[in-house]
Amino acid sequence: WANVTTNLSQLVPLELVDKCIGSRIHIVVKSDKEIVGMLLGFDYFVNMILEDATEFEITQEGRITKLDQFLLNGNNITMLVPGGEGP
């Protein structure tokens with residue numbers, strides 16, 4: 001048997017989110033909405049606090065809402081895009 005060693009750099013998902021603190025993040029949620037803002041912090045359940053956030057409603061009307069601060073429940077998140085600028 002050959003002794004094979006690999007040196008893989010692996011991040012668990014929460015470590016990746018932690019690296020995004022202080023930078024812009026694009027979040028797709030379960031409803032027809034997407035949110036872009038600066039990530040201030042999060043907890044173990046990935047509830048997030050965003051600053052200078054913009055909420056995009058992905059409908060025919062296409063409503064855009066600007067928010068100073070935004071608290072997002074982690075249960076609603078379907079996808080995170082670090083550095084994303086929105087739809």
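**View 1. Ile 49 lies in strand E3, which spans residues 48-57.** The model shown is predicted. Ile 49 is partly exposed, because its relative accessible area is 38%, and partly exposed covers values between 20% and 50%.

**View 2. Ile 49 belongs to a nonpolar patch on the surface.** Its partners in the patch are Leu 40 and Leu 71. Together, Leu 40, Ile 49 and Leu 71 have about 270 Å² of accessible area.

**View 3. The largest nonpolar core holds 14 residues.** Which of them touch the most other members? They are Ile 27, Ile 35, Leu 39, Met 48, Leu 50 and Leu 72. Four strands each supply at least two residues of this core: E1 (24-29), E2 (33-42), E3 and E4 (64-72). In soluble globular proteins, nonpolar side chains tend to be buried together.

**View 4. Met 48, a member of that core, in its surroundings.** Neighbours within four places in sequence are left aside here. Met 48 is then in contact with Val 17, Ile 27, Leu 39, Gly 41 and Phe 42. Its contacts also include Phe 70, Leu 71, Leu 72, Ile 77 and Leu 80.

**View 5. His 26 sits in strand E1.** Is His 26 buried or exposed? His 26 is buried, because its relative accessible area is 10%, and buried means under 20%. The side chains of His 26 and Glu 34 make a polar contact at 2.6 Å.

**View 6. His 26 and the residues around it.** Residues up to four places away in sequence are not counted. His 26 touches Glu 34, Ile 35 and Val 36. It also touches Met 79, Leu 80, Val 81, Gly 84, Glu 85, Gly 86 and Pro 87.

Terms used:
Residues numbered from 1 in each chain as written. Predicted model: local features only at pLDDT ≥ 70, side-chain atom pairs only at ≥ 80, totals over all residues. Heavy atoms only, no water. Patch = residues over 30% accessible without salt bridge, like charges linked within 9 Å, V, L, I, M, F, W, Y side chains within 5 Å. Areas by Shrake-Rupley, 256 points an atom, 1.4 Å probe, with all protein chains shown as cover. Salt bridge = Lys/Arg side-chain N within 4 Å of Asp/Glu carboxyl O. Buried < 20%, exposed > 50% of the residue type's maximum accessible area, 1.4 Å probe, protein only. Core = buried A, V, L, I, M, F, W, Y, C linked by side-chain atoms within 4.5 Å. Contact = heavy atoms within 4.5 Å. Polar contact = N/O pair within 3.5 Å; in protein donor to acceptor, adjacent residues only side chain to side chain.
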